[in-house]
Amino acid sequence: RLHLSSSNSNGYKGVHKDASGRFYAQHRVDGSLVSIGHFGTAVEAAVVYARAVGEYQPPAHPPPTVATEAEGLRLHLSSSGGTGYKGVTTHYSGRFMAQHNVRGRKVHVGGLFGTAVEAAVAY
């Protein structure tokens, strides 16, 4: 089970973004922060975090192209984007935005969002 967080800008508990744009996971053990590693996407870091805290259970079937749900919507993963979600990018302000390609042009959807999950819902 992945740990969603509305107070963390990437949407996952224990997952943070470093200055290079990569994501890292960490958790507390006996009051001390323990680094788990660096990853290309927030989702990869969230899976490793869940494993580290003992709550990850691998799927019984191969993972679908749709990774999770929020507000009754299926959110699409992307391994090529830094946020882990298709159509979601990080704005220079550190917030997140959703965008579609319409006839070769990028169209922004819904403004800026505090978390990647919120932007993925808008996508």
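Which strands are included in what covers the buried residues of α1? Let's find out, keeping in mind that this is a predicted model.

## Helix α1 and its cover

The cover over the buried residues of α1 includes β1 (15-17), β2 (23-29) and β3 (32-39). The helix itself spans residues 42-52, and because 8 of its 11 residues are buried, α1 is largely enclosed by the rest of the structure.

If you would like to pick out the buried positions, look for Ala-42, Val-43, Ala-45, Ala-46, Val-47, Val-48, Tyr-49 and Ala-50. After the helix comes Gly-54, which has a positive phi, near 80 degrees.

## The largest nonpolar core

In soluble globular proteins, nonpolar side chains tend to be buried together. Here, the largest nonpolar core has 23 residues, and those touching the most other members are Tyr-12, Val-15, Ala-45, Leu-75, Tyr-85, Val-88 and Ala-119. At least two residues of this core come from each of β2, α1, β7 (96-102), β8 (105-113) and α2 (116-122). The most generous contributor is α1, which gives 6 residues.

Ala-119 is a good place to look around. Beyond its neighbours within four places in sequence, Ala-119 is in contact with Val-88, Phe-96, Met-97, Ala-98 and Phe-113.

## A buried histidine

Now turn to strand β2, where you will find His-27. Its relative accessibility is 13%, so His-27 counts as buried, the cut-off being under 20%.

What surrounds His-27? Setting aside neighbours within four places in sequence, His-27 is in contact with Ser-32, Leu-33, Val-34, Ile-36, Tyr-49, Ala-52 and Val-53. One of these, Tyr-49, is among the buried residues of α1.

Definitions and conventions
Residues numbered from 1 in each chain as written. Predicted model: local features only at pLDDT ≥ 70, side-chain atom pairs only at ≥ 80, totals over all residues. Heavy atoms only, no water. Buried < 20%, exposed > 50% of the residue type's maximum accessible area, 1.4 Å probe, protein only. Helix = DSSP H or I, 4+ residues; strand = E, 2+ residues; numbered from the N terminus. Contact = heavy atoms within 4.5 Å. Core = buried A, V, L, I, M, F, W, Y, C linked by side-chain atoms within 4.5 Å.
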